[in-house]
Amino acid sequence: NGAGTVQTDLITLTRFILQEQQKVGPKATGELTLLLNALQFAFKFIAHTIRRAELVNLIGLAGVQNATGDDQKKLDVIGDEIFINAMKASGNVKLLVSEEQEDLIVFESSNGNYAVVCDPIDGSSNLDAGVSVGTIFGVYRLLPGSSGTIKDVLRSGTEMVSAGYTMYGASAHLMLTTGHGVNGFTLDTHLGEFILTYPDLRIPHSRAIYSVNEGNSFYWSDEIKAYLASLKEPQSNGKPYSARYIGSMVADVHRTLLYGGIFGYPGDSKSKNGKLRVLYECFPMAFLLEQAGGLAVNDRGEQISHIVPKQIHERSGIWLGSKGEIEKLLTFIKP
Ligand code: P6P
């Protein structure tokens, strides 16, 4: 519609989630709906806090280290607390895995049937430079009869019931799947609502864009070196691929989802399993990409969502993106 026309029938995230619940029919308990609403509150609060951070100078090192040894920025700590409090308050969450917390969090008083895994503010090291960062999350329903133990989260990505991310950039963009495709929402700060802006998003089948940290190339396998060298040669259209790397996974994946291409953080001789964590970075992004018609594989070319992690901060090499681009990669890495 033209810029001047007024939209009078907006689809908010709340309305969308209810529509999804109605699709499930009478057996839907409404618990996932309540959980997704608690998640959206956390995203709104984090978005607001990040915007204010630049004004009230919250940005800066908090002087503490997180579970995986990264220097923790104040916003990491605040984002983590916001997320923990929102999940606890929902009453639907029994377990929480957070990048910022070494151990599994069990909400003792909760009778919730869900486990949430999250990276509250992924890419936070970019915050001072004003680069988009994001919250990445995944949701498991507790195993039948479980009262909530680590066994409920050491499961393959294929068992997730929902996943997505919210990228905090010029606007806050939430990309969400509940297993029925991918839908994108943009936060209208005046309404305080996420509005449906990317209905039934599909990733282009191919796109000549690759996204990887070339600074690691000395340590890559010969197969990866050969693959990337092939992208730098003029292709059938006479042009080589373009390189785009932001260094914030949510921003790099968001561009890949919208434009197509391939993003990777492969393992190498200095970090066998790469840098990205299986539960709250690889699995949610793999779920989204697969639901959008893309693919996500590990360094051996296996579908990454089939991995069963052995510990909650486990890492894996990962490549994700357009189906055509992953299939081209597989011709180099598939044994
Ligand atoms: P590198 C950010 O710290 C992060 O966890 C991801 O968001 C991002 O994709 C990756 O690390 C960047 O790592 O080694 O390329 O700086």
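## Terms and model

Two strands pair if DSSP finds at least two bridges between them. The strands themselves (E, at least two residues) and the helices (H or I, at least four residues) are DSSP runs, numbered from the N terminus.

The model you have here is predicted, and residues are numbered from 1 along each chain as its sequence is written. Local features need pLDDT of at least 70 and side-chain atom pairs count only at pLDDT 80 or more, while totals for chains, interfaces and linings use all residues; side-chain values use heavy atoms, with hydrogens and water left out.

## The eight-stranded sheet

Let's start with an open sheet of eight strands, whose order is E4-E3-E5-E6-E7-E8-E9-E10 and whose pairing is mixed. Strand E4 (105-106) and strand E10 (193-198) are at the edges with a single partner strand each, so one side of each has no neighbour in the sheet. The parallel sense appears between strand E3 (residues 93-98) and strand E5 (residues 114-122), which pair over five bridges; there, Leu-95 stands opposite Ala-115 in E5.

Further along, strand E6 (residues 133-141) runs antiparallel to E7, and eight bridges join the two. Tyr-140 faces Met-160 of E7 in this register. E7 also pairs with strand E8 (residues 172-177), again in the antiparallel sense, over six bridges. Here Thr-166 stands opposite Leu-174 in E8, and three residues lie between E7 and E8 in the hairpin that they form. How enclosed is strand E7 by the rest of the structure? Strand E7 (residues 160-168) is largely enclosed, because eight of its nine residues are buried; buried means under 20% relative accessible area, exposed over 50% and partly exposed in between, using a 1.4 Å probe and protein chains only.

## The C-terminal domain and the five-stranded sheet

An unreviewed UniProt entry lists residues 203-332 as "domain: Fructose-1-6-bisphosphatase class 1 C-terminal". UniProt positions are in the numbering used here, feature names are shortened, and annotations may be inferred rather than shown by experiment. Across residues 203-332, helix makes up 35% of the chain and strand 12%, with 22 Å between the end C-alpha atoms.

A second open sheet has five strands in the order E12-E11-E13-E15-E14, with mixed pairing. Its edge strands are E12 (242-243) and E14 (295-297), each of which pairs on one side only. Strand E11 (residues 209-211) runs parallel to E12, joined by two bridges, and Ile-209 has Ser-242 of E12 as its bridge partner.

## Helices and exposure

Two helices are mostly covered. In helix H5 (residues 249-259), nine of the 11 residues are buried, including Met-249, Asp-252 and Arg-255. Just after H5, Gly-260 takes a positive phi of about 90 degrees. In helix H6 (residues 278-291), 12 of the 14 residues are buried, among them Glu-281, Phe-283 and Phe-287. Gly-293, which follows H6, has a positive phi near 90 degrees.

Other helices offer residues with greater openness to check. Glu-223, in helix H4 (residues 222-231), counts as partly exposed at 40% relative accessibility. Its C-alpha atom is 9.9 Å from that of Leu-330, although the two residues are 107 residues apart along the chain. Leu-34, in helix H2 (residues 31-56), is exposed with a relative accessible area of 53%. From Leu-34 to Glu-233 the C-alpha separation is 50 Å, with their positions 199 residues apart in sequence.

## The ligand site

Which residues surround the ligand? They are Asp-122, Gly-123, Ser-125, Asn-213, Tyr-245, Gly-247, Ser-248, Met-249, Tyr-265, Lys-275 and Glu-281, where a residue counts as near if one of its heavy atoms lies within 4 Å of the molecule. By class, this shell holds three nonpolar, five polar and three charged residues; Ala, Val, Leu, Ile, Met, Phe, Trp, Tyr, Cys and Pro count as nonpolar, Asp, Glu, Lys and Arg as charged, and the others, Gly among them, as polar.

For polar contacts, the criterion is a pair of N or O atoms within 3.5 Å; within protein, one atom must be able to donate a hydrogen and the other to accept it, and residues adjacent in sequence count only if both atoms are side-chain atoms. A backbone N or O atom of Met-249 is 2.8 Å from a ligand oxygen atom. From the side chains, an N or O atom of Asn-213 lies 2.9 Å from an oxygen atom of the ligand, and one of Lys-275 lies 3.0 Å from a ligand oxygen atom. Of the 400 Å² of accessible area that the ligand has on its own, the protein covers 81%; accessible areas come from the Shrake-Rupley method with a 1.4 Å probe, and for residues only the protein chains shown count as cover.
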